[in-house]
Amino acid sequence: MEAASIPPGSLPRTRHVGDRVGDGLLYGLTALASIVGILVVFAIVWRVADGAWPAIKFFKFGFVYRNVWNVNLNGGSFGARDLIIGTVVTSFGAMLLSGPISIAIGLFLSELAPPAVRAPVGTLIDMLAAVPSVVIGLWGIYVLAPFDADHLAPGIHAVLGWIPIFGGDPHTESTVFTAIIVLTIMTIPITSSICRELFIGVPSELEEGAIGLGATRWEMVKTVVVPSVRGGVVAAIILGLGRALGEAIAVTQVIGNFIPMSRSLFGSGDTMASRLANQYQGASTDRQIAALIYLALVLLVITFITNYAAQRVVKRFELQRTGGV
Amino acid sequence: MEPRAITLKATGRGRRRLLVNRVAESTAVLAAVLAIAVLAVVIWSVGSRGVGAINPDFFLKGPSSDFFGGTGGIAPALAGSLLLVGVATLIALPMGVLTAIFVSEFAPVSIGQQIRLWLDVLNGFPSIVIGIFVFTLAVKTKVPLLGIGHHQSAVAGGFALAVIMLPLVARSTMEVLRLVPNNLREASYALGVSKWQTVMRVVLPTSFGGILTGTTLAVARAAGETAPLLFTCAIAGQIVDWNPTHSVQSIPLTIYLDSESADPALHQQAWAAAFVLILFVLVTSLTARLMLERSRRKLGLQR
């Protein structure tokens with residue numbers, strides 16, 4: 001062959017300069033974009049911590065357990081206790097309601113519904129997630145809150161009124177209870193769509209095995225489907241919780257923005273995110289702004305831990321599924 | 001199924017098991033029906049209350065300053081929303097697509113997974129905190145750039161929305177790029193085409209539809225976000241303003257402020273604006289999803 005006679009090293013470069021530059025440029029650009037994207041996460045944490053610093057120095061850790069929000073007292077006195085409690089109560093309340101409903105929807109869409117029904121129903125439930133929170137909030141103020149105050153809350157109060165959290169005057173309109181329902185509506189699409197994916201991922205041999213052994217569909221779900229993805233279901237619920245913790249607008253519209261928080265769910269309260277949304281115009285002094293940013297930092301830390309943990313669990317399930325098949 | 005000579009009707013324990021099964025199945029159906037019913041009720045409430053106030057003036061006029069002359073229209077908010085989402089898309093689209101290209105074409109698997117994880121973490125940040133972040137970055141402190149900083153502006157608001165959109169665009173683009181058949185890439189390499197040419201001429205055009213729909217979904221989400229704008233682009237004049245260094249009105253904020261107001265005429269305006277917003281969001285997300293489904297099927301078949 002002719003090529004064999006060419007001494008090694010004297011072969012002409014076939015890659016054009018343009019290609020080498022182009023490859024390097026594309027690599028550099030895309031890598032840079034990725035780095036900037038991740039840096040944004042750290043920039044958020046850093047800027048919020050930095051902005052909160054004056055308040056951290058002034059209020060110390062006492063900020064999280066003191067319960068006062070007064071611009072005029074001692075040149076501004078702020079503590080987030082009831083806001084944190086409000087966030088926890090509304091989010092966990094929403095989780096208690098939306099968890100079981102979302103699992104049921106996930107099961108319906110993965111195991112029960114005829115194939116022709118699955119896609120449209122799934123899409124409709126996803127559309128619920130697309131409704132902007134301000135619209136849900138508007139609906140919450142003028143449709144849901146009156147309905148709660150006139151029918152739902154008095155009904156629950158009549159049966160369970162002896163429990164303090166269902167006590168008080170059930171005819172109040174701006175209530176923690178309404179906020180819980182609003183958050184439930186907003187978390188259902190998130191949790192249920194992840195649940196559906198998880199349940200679909202359960203190997204059909206397992207399901208068929210259970211049916212073959214004479215289990216009813218419910219027994220199959222209870223003994224095979226749900227246990228094999230239990231961690232994922234928990235993570236799905238926690239991801240919904242993460243959304244609920246940080247929801248500002250819809251909550252601030254319905255909850256009444258009032259601390260000290262009522263001991264009853266049928267009274268007013270406030271959450272961290274809701275307080276932030278509510279105070280955006282009123283923030284006048286430097287100390288108040290710093291206190292608000294401190295509040296944002298507390299919220300950020302809580303949601304960060306929640307989401308990170310949930311993401312890790314979900315990732316593990318994804319890996320298991322793709323690695324196992 | 002029908003009992004004939006010997007009865008196949010379950011009795012005792014078996015009957016209870018079937019009953020429990022029936023109850024469980026009905027609960028699942030009920031849960032799905034409930035979720036759809038809530039969606040229907042929300043859309044119906046907004047539609048029935050909002051549609052009455054919709055007329056050409058509503059889109060073309062600003063809020064009326066005349067105390068008795070009704071509430072006027074939402075033209076400034078409409079323009080402002082367009083501007084804000086435009087700025088956000090301009091930032092988030094290239095960033096998101098480039099990140100996705102890096103993850104699917106260049107990065108080793110482990111780094112790709114890290115990037116995905118952090119994007120998901122970003123996606124989980126409360127949108128109000130992102131608003132505060134931009135507030136500390138561009139509103140509270142002076143940015144010696146373009147005359148923004150030290151006051152609210154459409155650039156600041158758009159940047160906050162871009163932070164919301166970035167993980168959505170990047171994740172959806174990654175999904176689509178992953179669906180591009182590998183033999184297309186290999187065929188291109190076999191012809192001696194370089195990597196960047198392959199990405200630009202083969203991978204991106206193949207996944208163009210998917211990227212477009214993913215971006216549309218992100219736009220729909222950003223258009224409805226209120227919380228990031230509260231601290232960054234909330235206090236604005238009552239006129240149509242296309243200057244991105246000014247603070248502008250927006251549809252979600254108009255709904256929020258109107259809903260908190262005591263004036264019933266403004267409530268009417270809130271419902272109408274909500275109707276416009278919900279219509280836009282639902283129509284765009286629905287179309288985008290259907291298109292995504294189609295392009296996914298198309299790419300899936302090629303493989």
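These are my notebook entries on chains A and B of a predicted model.

**Chain A, overall.** I began with the secondary structure of chain A and found 11 helices and two strands. Reading from the N terminus, I wrote the order of elements down as α-β-β-α-α-α-α-α-α-α-α-α-α. I then looked up the dimensions, and the C-alpha trace of chain A spans about 95 × 65 × 30 Å along its principal axes. The radius of gyration of chain A is 26 Å, whereas a compact globule of 325 residues would have one near 20 Å. For burial, I noted that 48% of the 325 residues in chain A are buried. I also looked at how far apart in sequence the contacting residues of chain A lie: taking contacts between residues at least 6 apart, 78% join residues at least 24 apart.

**Two helices of chain A.** I compared helix lengths with the spans expected at 1.5 Å a residue, starting with helix 4 (residues 133-160) of chain A. A straight helix of 28 residues would span 40 Å, but the end C-alpha atoms of helix 4 are only 30 Å apart. Looking along helix 4 of chain A, I found a kink of about 50 degrees, centred on A:Asp148. Helix 8 (residues 230-246) of chain A gave another result, because its 17 residues should span 24 Å and its end C-alpha atoms are 25 Å apart, which agrees. I added that helix 8 of chain A is mostly covered, with 13 of its 17 residues buried.

**Where the chains touch.** I next looked up the contacts between the chains, and 73 residues of chain B are in contact with 68 residues of chain A. On the chain B side, helix 1 (residues 12-50) provides the largest share, 19 residues. Sorting the residues of that side of chain B by type, I recorded 54 nonpolar, 13 polar and six charged.

**The nonpolar core.** Which residues have the most contacts inside the largest nonpolar core? The core has 190 residues, and my list for it reads A:Val135, A:Val182, A:Ile293, A:Ala296, B:Val129, B:Met165 and B:Ala274. The largest share of this core, 17 residues, comes from helix 6 (residues 154-179) of chain B. I followed A:Val135 further and, leaving aside its neighbours within four places in sequence, found this residue in contact with B:Val46, B:Ile255, B:Ala274, B:Leu277 and B:Ile278. One of these partners, B:Ala274, is itself on the list of residues with the most contacts inside the core.

How values were computed: Residues numbered from 1 in each chain as written. Chains lettered and ligands numbered in written order. Predicted model: local features only at pLDDT ≥ 70, side-chain atom pairs only at ≥ 80, totals over all residues. Contact = placed C-beta atoms within 7 Å. Helix = DSSP H or I, 4+ residues; strand = E, 2+ residues; numbered from the N terminus. Nonpolar A, V, L, I, M, F, W, Y, C, P; charged D, E, K, R; others polar. Expected span 1.5 Å × (residues − 1). Bend = angle between axes of the 7 residues up to and from the residue. Buried ≥ 20, exposed ≤ 12 C-beta atoms within 10 Å, placed from the backbone. Rg over C-alpha atoms; globule rule 2.2 N^0.38 Å. Core = buried A, V, L, I, M, F, W, Y, C linked by C-beta atoms within 7 Å.
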